[in-house]
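Biologist: I would like to go through this model with you, one question at a time.

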Amino acid sequence: MMSAYYDLLSQARNWAEQAVHSGRLHAEQAQALFDIDHTSPQKLFSNREHNTCKPLLVAFMGGTGVGKSSLLNRLAQQPIAKAGIQRPTSREVTLYHHESINVNQLPEGLPLHSVKLSQHNNADQQNIIWMDMPDFDSVELGNHTLVKQWLPYIDVLLYVVSPERYRDNKAWQLLLNEGMKHAWLFVMNQWDRGQPEQFLDFKQQLLKAGFNHPLLFRTSCSEPEGDEFALLLAQLHTLSEQHSVVQLEQRNEQWRNQQLQSVLKQLLDETGQRDFLQLQKSYTQLWEQSETSFMQGLAWPLQNLAKLWAEQPTQKPSIKLWDEWAQSRFDDILDEVVLQAAQLNIPSKPLKARLQGIKIQADKKVRHSTELAGREALLNPGNSLHRFLLKFTAISETLLPLAAMSVVGYQVFMGYFHSSIANNSATYLGLDFAIHSVMLISLSWLIPYFIHKKIQPSLEKNALRGLHKGLQQALANLNQDIENALSEEQSTNVELQEEIRALLAKVTPSSVPKLERDSLLGRVLINS
(Lines give C-alpha, C1' and ligand atoms only; values in the text may rest on other atoms or scores of the structure.)
Protein backbone atom coordinates (compact mmCIF):
# COMPACT_ATOMS: atom_id res chain seq x y z
CA MET A 1 0.00 0.00 0.00
CA MET A 2 2.89 2.40 0.68
CA SER A 3 3.92 2.18 -2.98
CA ALA A 4 0.53 3.69 -3.91
CA TYR A 5 1.15 6.49 -1.43
CA TYR A 6 4.58 7.29 -2.86
CA ASP A 7 3.18 7.21 -6.42
CA LEU A 8 0.46 9.64 -5.37
CA LEU A 9 2.97 11.86 -3.58
CA SER A 10 5.09 11.88 -6.73
CA GLN A 11 2.05 12.81 -8.83
CA ALA A 12 1.15 15.61 -6.42
CA ARG A 13 4.68 16.99 -6.51
CA ASN A 14 4.85 16.86 -10.31
CA TRP A 15 1.51 18.65 -10.44
CA ALA A 16 2.77 21.26 -7.98
CA GLU A 17 5.96 21.84 -9.99
CA GLN A 18 3.93 22.46 -13.15
CA ALA A 19 1.52 24.73 -11.29
CA VAL A 20 4.40 26.76 -9.84
CA HIS A 21 6.15 26.93 -13.23
CA SER A 22 2.99 28.24 -14.88
CA GLY A 23 2.44 30.70 -12.05
CA ARG A 24 -0.87 29.15 -10.93
CA LEU A 25 0.55 28.33 -7.52
CA HIS A 26 2.96 30.21 -5.30
CA ALA A 27 6.18 28.38 -4.49
CA GLU A 28 5.51 28.89 -0.78
CA GLN A 29 2.14 27.14 -1.11
CA ALA A 30 3.58 24.20 -3.02
CA GLN A 31 6.49 23.81 -0.60
CA ALA A 32 4.21 22.01 1.86
CA LEU A 33 4.04 19.07 -0.58
CA PHE A 34 7.82 18.92 -0.82
CA ASP A 35 8.22 19.11 2.94
CA ILE A 36 6.37 15.82 3.34
CA ASP A 37 8.78 12.98 4.07
CA HIS A 38 9.22 10.73 1.04
CA THR A 39 11.00 8.14 3.14
CA SER A 40 9.68 5.78 5.82
CA PRO A 41 10.78 2.86 7.98
CA GLN A 42 9.24 0.53 5.39
CA LYS A 43 11.72 1.75 2.80
CA LEU A 44 14.70 0.94 4.97
CA PHE A 45 14.38 -2.80 4.33
CA SER A 46 12.35 -2.76 1.12
CA ASN A 47 14.61 -5.50 -0.27
CA ARG A 48 13.62 -8.03 2.37
CA GLU A 49 12.09 -11.30 1.28
CA HIS A 50 8.33 -11.58 0.96
CA ASN A 51 6.50 -12.42 4.22
CA THR A 52 9.66 -11.66 6.17
CA CYS A 53 9.11 -9.43 9.17
CA LYS A 54 10.85 -6.08 8.92
CA PRO A 55 13.35 -5.44 11.71
CA LEU A 56 12.29 -2.80 14.20
CA LEU A 57 14.67 0.15 14.20
CA VAL A 58 14.94 1.58 17.71
CA ALA A 59 16.98 4.76 18.22
CA PHE A 60 18.25 6.33 21.42
CA MET A 61 17.49 10.07 21.23
CA GLY A 62 18.14 12.86 23.69
CA GLY A 63 20.35 15.72 24.74
CA THR A 64 24.00 15.73 25.66
CA GLY A 65 25.03 13.90 28.80
CA VAL A 66 21.81 11.97 29.47
CA GLY A 67 23.49 8.55 29.01
CA LYS A 68 22.17 7.27 25.68
CA SER A 69 25.42 5.53 24.77
CA SER A 70 25.66 4.03 28.26
CA LEU A 71 22.24 2.44 27.77
CA LEU A 72 23.27 0.90 24.45
CA ASN A 73 26.54 -0.34 25.92
CA ARG A 74 24.57 -1.84 28.81
CA LEU A 75 22.28 -3.54 26.31
CA ALA A 76 25.22 -4.95 24.33
CA GLN A 77 27.17 -5.71 27.48
CA GLN A 78 30.23 -4.21 25.81
CA PRO A 79 31.49 -0.67 24.97
CA ILE A 80 30.24 -0.37 21.38
CA ALA A 81 29.18 3.31 21.53
CA LYS A 82 31.24 6.34 22.49
CA ALA A 83 30.42 7.88 25.83
CA GLY A 84 31.90 10.51 28.09
CA ILE A 85 33.75 13.67 27.12
CA GLN A 86 34.31 12.61 23.48
CA ARG A 87 30.60 12.24 22.91
CA PRO A 88 29.46 15.86 22.21
CA THR A 89 31.82 16.30 19.25
CA SER A 90 31.38 12.82 17.79
CA ARG A 91 29.56 12.60 14.43
CA GLU A 92 29.02 8.89 14.67
CA VAL A 93 25.92 6.67 14.50
CA THR A 94 26.23 3.25 16.09
CA LEU A 95 24.12 0.38 14.71
CA TYR A 96 23.84 -2.70 16.86
CA HIS A 97 22.12 -5.48 14.91
CA HIS A 98 21.81 -9.24 14.60
CA GLU A 99 24.31 -10.90 12.32
CA SER A 100 21.50 -12.14 10.02
CA ILE A 101 20.61 -8.57 8.96
CA ASN A 102 22.44 -7.33 5.88
CA VAL A 103 22.87 -3.58 6.25
CA ASN A 104 24.54 -3.38 2.83
CA GLN A 105 21.04 -3.43 1.35
CA LEU A 106 20.05 -0.16 2.98
CA PRO A 107 18.74 2.56 0.61
CA GLU A 108 21.08 4.90 -1.20
CA GLY A 109 21.44 8.38 0.22
CA LEU A 110 21.81 7.37 3.84
CA PRO A 111 25.06 8.64 5.42
CA LEU A 112 26.47 5.12 5.89
CA HIS A 113 30.03 6.49 5.96
CA SER A 114 29.34 7.83 9.47
CA VAL A 115 27.87 4.57 10.76
CA LYS A 116 29.69 2.28 13.13
CA LEU A 117 28.40 -1.30 12.87
CA SER A 118 28.36 -3.82 15.66
CA GLN A 119 26.82 -7.29 15.37
CA HIS A 120 25.48 -9.81 17.86
CA ASN A 121 24.03 -13.31 17.70
CA ASN A 122 21.38 -12.94 20.38
CA ALA A 123 18.24 -14.57 18.91
CA ASP A 124 16.00 -12.72 21.38
CA GLN A 125 16.92 -9.45 19.66
CA GLN A 126 16.99 -10.75 16.11
CA ASN A 127 14.18 -8.45 14.97
CA ILE A 128 15.53 -5.27 16.54
CA ILE A 129 18.19 -2.90 15.26
CA TRP A 130 19.49 -0.63 17.98
CA MET A 131 20.83 2.79 17.04
CA ASP A 132 22.73 5.31 19.10
CA MET A 133 22.13 8.74 17.53
CA PRO A 134 24.43 11.76 17.95
CA ASP A 135 23.50 14.32 20.57
CA PHE A 136 20.84 16.50 18.98
CA ASP A 137 21.97 19.56 20.95
CA SER A 138 25.71 19.01 20.70
CA VAL A 139 28.24 21.65 19.67
CA GLU A 140 28.88 19.73 16.45
CA LEU A 141 26.44 21.33 13.97
CA GLY A 142 26.64 18.38 11.58
CA ASN A 143 24.97 16.18 14.19
CA HIS A 144 21.67 17.97 13.65
CA THR A 145 21.78 17.16 9.92
CA LEU A 146 22.78 13.57 10.62
CA VAL A 147 19.87 13.07 12.99
CA LYS A 148 17.41 14.57 10.47
CA GLN A 149 18.69 12.22 7.75
CA TRP A 150 18.04 9.11 9.82
CA LEU A 151 14.78 10.11 11.50
CA PRO A 152 12.39 9.07 8.67
CA TYR A 153 13.65 5.47 8.84
CA ILE A 154 13.21 5.01 12.59
CA ASP A 155 10.26 3.05 13.99
CA VAL A 156 10.67 3.66 17.71
CA LEU A 157 12.39 6.57 19.39
CA LEU A 158 13.73 5.98 22.89
CA TYR A 159 13.60 9.50 24.24
CA VAL A 160 16.25 9.57 26.97
CA VAL A 161 16.44 12.33 29.57
CA SER A 162 18.14 12.80 32.89
CA PRO A 163 16.69 14.27 36.09
CA GLU A 164 18.65 17.46 35.47
CA ARG A 165 17.91 17.78 31.73
CA TYR A 166 14.40 16.51 31.13
CA ARG A 167 13.23 20.03 30.22
CA ASP A 168 15.82 20.69 27.50
CA ASN A 169 14.09 22.63 24.73
CA LYS A 170 15.88 21.38 21.60
CA ALA A 171 15.15 17.72 22.12
CA TRP A 172 11.63 18.57 23.28
CA GLN A 173 10.94 20.54 20.09
CA LEU A 174 12.09 17.51 18.11
CA LEU A 175 9.50 15.41 19.94
CA LEU A 176 6.73 17.90 19.16
CA ASN A 177 7.69 18.12 15.49
CA GLU A 178 8.19 14.38 14.95
CA GLY A 179 5.59 13.11 17.39
CA MET A 180 3.08 11.70 14.89
CA LYS A 181 5.68 9.90 12.78
CA HIS A 182 7.09 7.44 15.30
CA ALA A 183 6.36 5.28 18.29
CA TRP A 184 7.86 6.68 21.51
CA LEU A 185 9.20 5.20 24.71
CA PHE A 186 10.65 7.44 27.40
CA VAL A 187 13.54 6.81 29.73
CA MET A 188 14.61 8.93 32.67
CA ASN A 189 18.17 7.73 32.95
CA GLN A 190 20.58 8.35 35.83
CA TRP A 191 17.65 7.79 38.15
CA ASP A 192 19.96 7.29 41.07
CA ARG A 193 20.18 11.12 41.13
CA GLY A 194 16.48 11.69 40.44
CA GLN A 195 13.51 12.68 42.54
CA PRO A 196 9.89 11.46 42.26
CA GLU A 197 8.79 15.07 41.65
CA GLN A 198 10.99 15.22 38.55
CA PHE A 199 9.55 11.95 37.27
CA LEU A 200 5.95 13.16 37.76
CA ASP A 201 6.72 16.54 36.21
CA PHE A 202 8.17 14.88 33.10
CA LYS A 203 5.14 12.61 32.86
CA GLN A 204 2.86 15.66 32.96
CA GLN A 205 4.82 17.14 30.08
CA LEU A 206 4.22 14.01 28.02
CA LEU A 207 0.50 14.11 28.75
CA LYS A 208 0.35 17.71 27.53
CA ALA A 209 2.26 16.70 24.39
CA GLY A 210 -0.53 14.26 23.48
CA PHE A 211 0.45 10.92 24.98
CA ASN A 212 -2.56 9.36 26.69
CA HIS A 213 -0.62 6.96 28.88
CA PRO A 214 3.10 7.24 28.08
CA LEU A 215 5.55 4.41 28.71
CA LEU A 216 8.13 6.02 31.00
CA PHE A 217 10.96 3.97 32.55
CA ARG A 218 13.54 4.79 35.20
CA THR A 219 17.05 3.46 34.60
CA SER A 220 20.50 3.88 36.06
CA CYS A 221 23.62 2.51 34.39
CA SER A 222 25.78 3.28 37.44
CA GLU A 223 23.36 1.59 39.91
CA PRO A 224 21.31 -0.75 37.73
CA GLU A 225 19.94 -2.90 40.49
CA GLY A 226 16.19 -2.50 40.84
CA ASP A 227 15.73 -0.14 37.88
CA GLU A 228 13.24 -0.68 35.01
CA PHE A 229 15.69 -1.53 32.22
CA ALA A 230 14.34 -5.07 31.95
CA LEU A 231 10.78 -3.77 31.60
CA LEU A 232 11.96 -1.46 28.84
CA LEU A 233 13.49 -4.37 26.92
CA ALA A 234 10.36 -6.45 27.37
CA GLN A 235 8.17 -3.74 25.85
CA LEU A 236 10.54 -3.32 22.92
CA HIS A 237 10.58 -7.07 22.28
CA THR A 238 6.79 -7.00 22.18
CA LEU A 239 6.87 -4.13 19.69
CA SER A 240 9.31 -6.09 17.52
CA GLU A 241 6.83 -8.93 17.04
CA GLN A 242 5.39 -9.13 13.55
CA HIS A 243 1.87 -8.15 14.58
CA SER A 244 3.09 -4.98 16.26
CA VAL A 245 5.45 -4.12 13.40
CA VAL A 246 2.60 -4.48 10.89
CA GLN A 247 0.41 -2.23 13.02
CA LEU A 248 3.17 0.36 13.22
CA GLU A 249 3.49 0.25 9.43
CA GLN A 250 -0.25 0.71 9.08
CA ARG A 251 -0.21 3.63 11.48
CA ASN A 252 2.69 5.18 9.61
CA GLU A 253 0.82 4.80 6.35
CA GLN A 254 -2.32 6.28 7.90
CA TRP A 255 -0.44 9.28 9.23
CA ARG A 256 1.24 9.93 5.89
CA ASN A 257 -2.06 9.73 4.02
CA GLN A 258 -3.59 12.12 6.52
CA GLN A 259 -0.67 14.49 6.12
CA LEU A 260 -0.92 14.42 2.32
CA GLN A 261 -4.68 14.84 2.52
CA SER A 262 -4.28 17.79 4.88
CA VAL A 263 -1.81 19.53 2.56
CA LEU A 264 -4.04 19.00 -0.50
CA LYS A 265 -7.08 20.30 1.38
CA GLN A 266 -5.09 23.34 2.41
CA LEU A 267 -4.15 23.98 -1.22
CA LEU A 268 -7.79 23.54 -2.21
CA ASP A 269 -8.86 26.08 0.42
CA GLU A 270 -6.19 28.55 -0.65
CA THR A 271 -7.15 28.35 -4.33
CA GLY A 272 -10.80 28.70 -3.32
CA GLN A 273 -10.05 31.97 -1.51
CA ARG A 274 -9.05 33.71 -4.73
CA ASP A 275 -11.75 36.38 -5.06
CA PHE A 276 -12.24 36.73 -8.81
CA LEU A 277 -15.69 38.28 -8.27
CA GLN A 278 -14.20 41.16 -6.30
CA LEU A 279 -11.47 41.57 -8.91
CA GLN A 280 -14.09 41.81 -11.67
CA LYS A 281 -16.08 44.34 -9.64
CA SER A 282 -13.02 46.50 -8.94
CA TYR A 283 -11.94 46.36 -12.56
CA THR A 284 -15.42 47.42 -13.80
CA GLN A 285 -15.29 50.53 -11.60
CA LEU A 286 -11.75 51.28 -12.74
CA TRP A 287 -12.65 50.95 -16.42
CA GLU A 288 -15.73 53.17 -16.17
CA GLN A 289 -13.58 55.96 -14.80
CA SER A 290 -10.81 55.35 -17.32
CA GLU A 291 -13.11 55.21 -20.35
CA THR A 292 -14.37 58.73 -19.62
CA SER A 293 -10.77 59.85 -19.21
CA PHE A 294 -9.84 58.35 -22.59
CA MET A 295 -12.70 60.07 -24.42
CA GLN A 296 -11.81 63.42 -22.88
CA GLY A 297 -8.08 63.05 -23.35
CA LEU A 298 -8.34 61.99 -26.99
CA ALA A 299 -10.94 64.61 -28.02
CA TRP A 300 -8.29 67.00 -29.38
CA PRO A 301 -6.43 64.39 -31.47
CA LEU A 302 -9.82 63.24 -32.82
CA GLN A 303 -10.67 66.75 -34.01
CA ASN A 304 -7.28 67.27 -35.64
CA LEU A 305 -7.43 63.90 -37.36
CA ALA A 306 -10.98 64.57 -38.61
CA LYS A 307 -9.92 67.94 -40.02
CA LEU A 308 -6.92 66.40 -41.76
CA TRP A 309 -9.07 63.67 -43.30
CA ALA A 310 -11.59 66.25 -44.55
CA GLU A 311 -8.85 68.31 -46.21
CA GLN A 312 -6.72 65.43 -47.50
CA PRO A 313 -8.92 62.32 -47.67
CA THR A 314 -6.57 60.41 -49.97
CA GLN A 315 -3.39 60.92 -47.94
CA LYS A 316 -2.27 58.84 -44.98
CA PRO A 317 -2.84 60.85 -41.79
CA SER A 318 0.28 61.96 -39.93
CA ILE A 319 -1.54 62.40 -36.60
CA LYS A 320 -1.36 59.40 -34.23
CA LEU A 321 -4.59 59.01 -32.29
CA TRP A 322 -3.40 56.39 -29.73
CA ASP A 323 -0.46 58.42 -28.50
CA GLU A 324 2.01 57.91 -25.64
CA TRP A 325 -0.40 59.40 -23.11
CA ALA A 326 -3.15 56.95 -24.06
CA GLN A 327 -0.81 53.94 -24.04
CA SER A 328 0.67 54.96 -20.70
CA ARG A 329 -2.80 55.38 -19.21
CA PHE A 330 -3.85 51.98 -20.56
CA ASP A 331 -0.70 50.36 -19.14
CA ASP A 332 -1.51 51.86 -15.75
CA ILE A 333 -4.95 50.23 -15.87
CA LEU A 334 -3.49 46.80 -16.61
CA ASP A 335 -0.86 47.20 -13.89
CA GLU A 336 -3.57 48.16 -11.42
CA VAL A 337 -5.54 45.04 -12.33
CA VAL A 338 -2.47 42.87 -11.70
CA LEU A 339 -1.84 44.61 -8.36
CA GLN A 340 -5.45 44.12 -7.26
CA ALA A 341 -5.25 40.44 -8.26
CA ALA A 342 -2.18 39.93 -6.08
CA GLN A 343 -3.97 41.57 -3.14
CA LEU A 344 -6.87 39.14 -3.61
CA ASN A 345 -4.54 36.07 -3.55
CA ILE A 346 -4.87 35.61 -7.31
CA PRO A 347 -1.60 34.60 -9.05
CA SER A 348 -0.38 37.66 -10.90
CA LYS A 349 2.18 36.02 -13.20
CA PRO A 350 -0.23 34.25 -15.62
CA LEU A 351 -2.70 37.16 -15.52
CA LYS A 352 0.09 39.59 -16.34
CA ALA A 353 1.13 37.39 -19.26
CA ARG A 354 -2.43 37.42 -20.64
CA LEU A 355 -2.73 41.19 -20.24
CA GLN A 356 0.66 41.75 -21.86
CA GLY A 357 -0.73 40.58 -25.20
CA ILE A 358 -3.65 43.01 -24.87
CA LYS A 359 -1.23 45.81 -23.99
CA ILE A 360 0.87 45.20 -27.10
CA GLN A 361 -2.16 45.03 -29.43
CA ALA A 362 -3.94 48.10 -28.02
CA ASP A 363 -2.46 50.63 -30.48
CA LYS A 364 -3.15 48.40 -33.48
CA LYS A 365 -6.75 47.70 -32.43
CA VAL A 366 -7.58 51.35 -31.80
CA ARG A 367 -6.02 52.48 -35.08
CA HIS A 368 -7.82 49.80 -37.08
CA SER A 369 -11.21 50.45 -35.48
CA THR A 370 -11.06 54.26 -35.75
CA GLU A 371 -9.78 54.30 -39.35
CA LEU A 372 -12.43 51.85 -40.47
CA ALA A 373 -15.24 53.77 -38.78
CA GLY A 374 -13.89 57.08 -40.10
CA ARG A 375 -13.70 55.87 -43.70
CA GLU A 376 -17.19 54.40 -43.46
CA ALA A 377 -18.45 57.75 -42.18
CA LEU A 378 -16.85 59.59 -45.12
CA LEU A 379 -18.17 57.03 -47.56
CA ASN A 380 -21.70 57.17 -46.16
CA PRO A 381 -22.13 60.65 -44.63
CA GLY A 382 -25.09 61.48 -42.41
CA ASN A 383 -27.89 59.22 -41.33
CA SER A 384 -30.29 57.25 -43.52
CA LEU A 385 -32.80 60.13 -43.87
CA HIS A 386 -30.00 62.52 -44.62
CA ARG A 387 -28.61 60.23 -47.31
CA PHE A 388 -32.10 59.82 -48.81
CA LEU A 389 -32.55 63.59 -49.09
CA LEU A 390 -29.10 63.93 -50.69
CA LYS A 391 -29.94 61.33 -53.28
CA PHE A 392 -33.39 62.89 -53.86
CA THR A 393 -31.99 66.41 -54.41
CA ALA A 394 -29.20 65.05 -56.61
CA ILE A 395 -31.74 63.31 -58.80
CA SER A 396 -33.97 66.40 -58.73
CA GLU A 397 -31.06 68.47 -60.07
CA THR A 398 -31.35 66.44 -63.27
CA LEU A 399 -34.98 65.46 -63.47
CA LEU A 400 -36.59 68.85 -62.71
CA PRO A 401 -34.60 70.78 -65.38
CA LEU A 402 -35.38 68.03 -67.88
CA ALA A 403 -39.06 68.25 -66.96
CA ALA A 404 -38.96 72.03 -67.30
CA MET A 405 -37.23 71.80 -70.67
CA SER A 406 -39.81 69.26 -71.73
CA VAL A 407 -42.60 71.68 -70.81
CA VAL A 408 -40.84 74.54 -72.58
CA GLY A 409 -40.19 72.34 -75.62
CA TYR A 410 -43.79 71.29 -75.69
CA GLN A 411 -44.88 74.92 -75.53
CA VAL A 412 -42.42 75.83 -78.32
CA PHE A 413 -43.69 73.04 -80.48
CA MET A 414 -47.34 73.83 -79.90
CA GLY A 415 -46.70 77.55 -80.44
CA TYR A 416 -44.88 76.87 -83.65
CA PHE A 417 -47.66 74.57 -84.77
CA HIS A 418 -50.40 77.09 -84.04
CA SER A 419 -48.43 80.01 -85.48
CA SER A 420 -47.90 78.10 -88.71
CA ILE A 421 -51.61 77.55 -89.13
CA ALA A 422 -52.53 81.14 -88.22
CA ASN A 423 -49.55 82.70 -90.00
CA ASN A 424 -48.84 84.56 -86.72
CA SER A 425 -45.37 84.35 -85.08
CA ALA A 426 -46.09 86.48 -82.05
CA THR A 427 -46.88 83.60 -79.71
CA TYR A 428 -43.93 81.61 -80.93
CA LEU A 429 -41.15 84.12 -80.45
CA GLY A 430 -42.60 86.31 -77.73
CA LEU A 431 -40.19 87.94 -75.25
CA ASP A 432 -42.25 87.01 -72.20
CA PHE A 433 -42.29 83.39 -73.20
CA ALA A 434 -38.51 83.34 -73.56
CA ILE A 435 -37.98 84.96 -70.16
CA HIS A 436 -40.43 82.66 -68.43
CA SER A 437 -38.90 79.60 -70.07
CA VAL A 438 -35.40 80.55 -68.98
CA MET A 439 -36.60 81.27 -65.45
CA LEU A 440 -38.50 77.98 -65.26
CA ILE A 441 -35.54 75.91 -66.40
CA SER A 442 -33.12 77.81 -64.15
CA LEU A 443 -35.27 77.51 -61.06
CA SER A 444 -35.94 73.80 -61.69
CA TRP A 445 -32.17 73.25 -61.47
CA LEU A 446 -31.18 75.92 -58.99
CA ILE A 447 -33.67 75.04 -56.25
CA PRO A 448 -32.64 71.32 -55.85
CA TYR A 449 -28.98 72.31 -56.34
CA PHE A 450 -29.23 74.88 -53.56
CA ILE A 451 -31.02 72.44 -51.24
CA HIS A 452 -28.47 69.72 -52.05
CA LYS A 453 -25.61 72.05 -51.20
CA LYS A 454 -27.24 73.21 -48.03
CA ILE A 455 -27.92 69.72 -46.73
CA GLN A 456 -24.53 68.41 -47.86
CA PRO A 457 -22.88 67.08 -44.63
CA SER A 458 -19.54 68.42 -43.48
CA LEU A 459 -16.70 65.99 -44.19
CA GLU A 460 -14.94 67.10 -41.03
CA LYS A 461 -18.02 66.56 -38.86
CA ASN A 462 -18.69 63.17 -40.44
CA ALA A 463 -15.07 62.13 -40.06
CA LEU A 464 -15.15 63.25 -36.41
CA ARG A 465 -18.39 61.36 -35.82
CA GLY A 466 -16.94 58.22 -37.40
CA LEU A 467 -13.65 58.47 -35.50
CA HIS A 468 -15.52 59.00 -32.25
CA LYS A 469 -17.66 55.95 -32.93
CA GLY A 470 -14.56 53.91 -33.85
CA LEU A 471 -12.77 54.95 -30.67
CA GLN A 472 -15.76 53.93 -28.55
CA GLN A 473 -15.84 50.55 -30.30
CA ALA A 474 -12.09 50.08 -29.85
CA LEU A 475 -12.32 50.85 -26.13
CA ALA A 476 -15.26 48.46 -25.82
CA ASN A 477 -13.18 45.75 -27.54
CA LEU A 478 -10.23 46.36 -25.22
CA ASN A 479 -12.55 46.20 -22.23
CA GLN A 480 -13.98 42.92 -23.50
CA ASP A 481 -10.47 41.52 -24.00
CA ILE A 482 -9.55 42.32 -20.39
CA GLU A 483 -12.79 40.83 -19.06
CA ASN A 484 -12.15 37.70 -21.14
CA ALA A 485 -8.66 37.45 -19.65
CA LEU A 486 -10.10 37.65 -16.13
CA SER A 487 -12.74 35.03 -16.98
CA GLU A 488 -10.10 32.71 -18.45
CA GLU A 489 -8.01 33.04 -15.30
CA GLN A 490 -11.03 32.18 -13.19
CA SER A 491 -11.74 29.14 -15.39
CA THR A 492 -8.12 28.07 -15.08
CA ASN A 493 -8.37 28.34 -11.30
CA VAL A 494 -11.48 26.13 -11.36
CA GLU A 495 -9.53 23.58 -13.38
CA LEU A 496 -6.71 23.80 -10.83
CA GLN A 497 -9.18 23.04 -8.04
CA GLU A 498 -10.53 20.07 -9.98
CA GLU A 499 -7.00 18.71 -10.31
CA ILE A 500 -6.53 19.01 -6.54
CA ARG A 501 -9.85 17.24 -5.95
CA ALA A 502 -8.75 14.46 -8.29
CA LEU A 503 -5.58 14.01 -6.22
CA LEU A 504 -7.61 14.05 -3.01
CA ALA A 505 -9.88 11.35 -4.38
CA LYS A 506 -6.84 9.08 -4.78
CA VAL A 507 -5.80 9.38 -1.13
CA THR A 508 -6.41 6.04 0.52
CA PRO A 509 -9.02 6.40 3.28
CA SER A 510 -8.07 5.27 6.75
CA SER A 511 -8.98 1.67 7.50
CA VAL A 512 -6.88 1.29 10.65
CA PRO A 513 -9.00 0.56 13.73
CA LYS A 514 -8.75 2.91 16.70
CA LEU A 515 -6.27 1.71 19.29
CA GLU A 516 -7.25 0.99 22.81
CA ARG A 517 -5.98 3.65 25.19
CA ASP A 518 -4.19 1.20 27.47
CA SER A 519 -2.83 -1.06 24.72
CA LEU A 520 0.89 -1.06 24.00
CA LEU A 521 0.54 0.81 20.70
CA GLY A 522 -2.00 3.13 22.28
CA ARG A 523 0.63 4.15 24.81
CA VAL A 524 3.58 4.61 22.46
CA LEU A 525 1.77 6.55 19.69
CA ILE A 526 0.84 10.18 20.14
CA ASN A 527 -2.84 11.15 19.85
CA SER A 528 -3.78 7.54 19.18
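Biologist: What span should α12 have at 1.5 Å a residue, and how far apart are its end C-alpha atoms?

Modeller: First, the model is predicted, with local features needing pLDDT of at least 70, side-chain atom pairs counting only at pLDDT 80 or more, and totals for chains, interfaces and linings using all residues. Residues are numbered from 1 along each chain as its sequence is written, and side-chain values use heavy atoms, with hydrogens and water left out. The expected span of a helix (a DSSP run of H or I, at least four residues; strands are runs of E, at least two, and both are numbered from the N terminus) is 1.5 Å times one less than its number of residues. α12 has 20 residues, so the expected span is 28 Å, and the distance between its end C-alpha atoms agrees: 28 Å.

Biologist: How are α10 and α12 oriented to each other?

Modeller: Axes are lines fitted to C-alpha atoms, for helices over the stretch in contact, and angles run from 0 to 180 degrees between N-to-C directions. The axes of α10 (residues 276-297) and α12 (residues 324-343) lie 11 Å apart, at an angle of about 170 degrees. Angles under 35 degrees count as roughly parallel, 65 to 115 as roughly perpendicular, over 145 as roughly antiparallel and the rest as oblique. The two helices, α10 and α12, are therefore roughly antiparallel.

Biologist: Which residues of α12 are buried?

Modeller: Buried means under 20% relative accessible area, exposed over 50%, and partly exposed in between, with a 1.4 Å probe and protein chains only. In α12 the buried residues are Ala-326, Gln-327, Phe-330, Asp-331, Ile-333, Leu-334, Val-337, Val-338, Gln-340 and Ala-341.

Biologist: Which strands are the edges of the open sheet?

Modeller: Two strands pair if DSSP finds at least two bridges between them. The seven strands run in the order β3-β2-β4-β1-β5-β6-β7, with mixed pairing. The strands that pair on one side only are β3 (115-120) and β7 (216-218).

Biologist: Which residue of β6 is the bridge partner of Val-156?

Modeller: β5 (residues 156-161) and β6 (residues 183-188) pair in the parallel sense over six bridges. The partner of Val-156 in β6 is Ala-183.

Biologist: Is Leu-520 buried or exposed?

Modeller: Leu-520 is in helix α17 (residues 520-524). Leaving aside residues up to four places away in sequence, Leu-520 touches (heavy atoms within 4.5 Å) Leu-215, Gln-235, Thr-238 and Leu-239. Its relative accessible area is 18%, so Leu-520 is buried.
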